[in-house]
Amino acid sequence: MRLAVLEVGSNAIRLASAVWHPSGTLELVLRQHVPLRLGETVFSSGGVSDAALQKLCDALGQLLQQLSPTPQDRLQLCATSALRDANNLLEIRARLQHELGLELVVLSGAEEAARIREGLLQVHTLDSGTVVLGDLGGGSLEVSILQEGKLQRQESLNFGTLRWQRAAQVPELEASFHESVQILQSDAIATAQRLVLSGGNAKWLGRILAEETQHEFVPISGLEIPWAEVQPRLQQIAAAGPETWRTRWSMRPQQIETFGAALRMFRLLGETVEPEHLRLSGLALKEALLLQSAETLGIRNPEIRIAPSYDQPKTS
């Protein structure tokens with residue numbers, strides 16, 4: 001059986017698919033993305049323009065063609081911050097239904113935080129002490145606080161990398177972000193064992209830190225490293241700048257555009273939480289949604305296998 005997710009994010013449209021094997025393995029086989037930047041129109045004008053909506057339909061159609069779904073496949077189309085903020089969401093839903101025959105599910109901030117949290121709990125051991133989860137996207141940052149594996153607090157903050165990158169006054173935005181995460185500075189997380197970061201920029205940071213510290217960034221599992229070791233390296237990586245990110249670490253242009261904002265947000269979140277360790281997870285929302293889809297079929301905590309085709313994503 002094949003499971004697939006189309007995720008409409010603020011930065012990009014993403015496709016991920018997996019095959020469920022009766023042996024108990026969920027094999028991740030295909031991932032692609034189209035850097036559409038829907039958040040650029042929504043966060044500036046309030047809605048998705050006609051031109052951007054046509055690009056969305058074209059991108060989804062292209063990804064569907066690559067997937068070639070059958071009636072037996074379990075396919076879900078989900079959207080996050082940009083479309084939940086769009087003032088013409090009803091029009092978008094109707095257009096996608098008409099042109100592609102797909103029903104769009106728009107996740108609230110709370111639902112998005114819950115999906116990523118449930119996915120992280122399936123692939124990481126997070127049932128000891130206080131753990132803070134931060135999933136960073138283009139439009140929002142979803143934060144969950146766990147105590148002995150149980151949810152204590154959850155926040156969805158409108159501080160995504162695309163919003164940050166487009167801000168006219170970065171120092172003012174930085175101060176506002178710091179103020180928003182002050183709620184995390186409580187006795188409940190005064191001694192956080194881990195800060196777990198997920199999302200595309202967290203993966204990139206994990207790969208870079210793995211190279212710089214001679215560790216290994218493992219697909220899905222990611223990388224864990226003491227926060228005291230990470231702090232100075234965050235400053236060094238930020239100071240290296242876009243040209244080094246491109247030439248030394250082969251970062252794509254669309255990733256470079258938001259990586260600087262992500263580094264600032266990671267630093268501020270880490271300084272607020274002051275964890276003992278930082279984990280950069282290799283699991284993102286699309287994989288979490290695949291695990292959720294598997295769970296609806298009664299498949300819980302499957303063994304995850306990464307096919308070579310999944311480890312080498314394509315950009316359309």
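In helix H1 (residues 38–45), Leu38, Gly39 and Val42 are buried. Seen down the axis of H1, these buried residues fall within an arc of 85°, so they line one face of the helix. The model is a predicted one. The points below take up H1 and its surroundings, strand pairing, two residues of helix H11, the largest cavity, and two loop residues with positive phi.

**Helix H1 and its surroundings**

- The one-sided placing of the buried residues in H1 follows from their arc of 85° about the helix axis.
- An α-helix has 3.6 residues a turn, so residues three or four places apart point the same way.
- The packing partners of the buried H1 residues include two strands, S1 and S2 (13–21).
- Helix H2 (50–67), helix H3 (81–85) and helix H6 (161–166) also pack against the buried residues of H1.
- Gly46, just after H1, has a positive phi of about 100°.

**Strand pairing**

- Six bridges link strand S1 (residues 2–8) to strand S4 (residues 74–79), and the pairing is parallel.
- Within this pairing, Val5 has Gln76 of S4 as its bridge partner.
- S4 also runs parallel to strand S5 (residues 104–106), to which three bridges join it.
- Ala79 is placed opposite Val106 of S5.
- In a regular strand the side chains alternate between the two faces of the sheet.

**Two buried residues of helix H11**

- Leu290 belongs to helix H11, and its relative accessibility of 0% makes it buried, the cut-off being under 20%.
- Beyond its neighbours within four places in sequence, Leu290 is in contact with Leu3, Ala4 and Val5, with Ala16, Ser17 and Ala18, and with Leu28.
- The C-alpha atoms of Leu290 and Pro171 are 38 Å apart, and the two residues are separated by 119 residues along the chain.
- Ser293 is also located in helix H11, and counts as buried at 8% relative accessibility.
- Outside its neighbours within four places in sequence, Ser293 is in contact with Leu3, Arg74 and Gln76.
- Leu3 is thus named among the contacts of Leu290 and among those of Ser293.
- Gln76, a contact of Ser293, is the bridge partner of Val5, and Val5 is itself among the contacts of Leu290.

**The largest cavity**

- One cavity of 30 Å³ or more is found in a search of the whole structure.
- The largest cavity holds about 30 Å³ of space.
- Its lining is formed by Leu26, Leu28, Ile220, Leu283, Glu287, Leu291 and Ile304.
- Strand S3 (25–34) and helix H11 (285–296) are the elements that give two or more residues to this lining.
- By class, the lining has six nonpolar residues, no polar ones and one charged.
- Leu28, one of the lining residues, is also in contact with Leu290.

**Loop residues with positive phi**

- Most residues other than glycine have a negative phi, and most peptide bonds are trans.
- Gln214, a residue other than glycine, has a positive phi near 60°.
- The loop between helix H8 (200–213) and strand S10 (223–226) contains Gln214.
- With a relative accessible area of 73%, Gln214 is exposed, since the cut-off is over 50%.
- Ser250 likewise has a positive phi, near 55°, and is not a glycine.
- Ser250 sits in the loop between helix H9 (227–249) and helix H10 (253–273).
- Ser250 is exposed, at 55% relative accessibility.

Conventions
Residues numbered from 1 in each chain as written. Predicted model: local features only at pLDDT ≥ 70, side-chain atom pairs only at ≥ 80, totals over all residues. Heavy atoms only, no water. 1 Å grid on protein atoms, 1.4 Å probe; cavity = no way out; pocket = protein on both sides within 12 Å on 5 of 7 lines; lining within 4 Å. Points joined across faces, edges and corners; volume = space filled by probe spheres on them. Helix = DSSP H or I, 4+ residues; strand = E, 2+ residues; numbered from the N terminus. Nonpolar A, V, L, I, M, F, W, Y, C, P; charged D, E, K, R; others polar. Pairing = 2+ DSSP bridges. Buried < 20%, exposed > 50% of the residue type's maximum accessible area, 1.4 Å probe, protein only. Arc of directions from axis to C-beta. Contact = heavy atoms within 4.5 Å.
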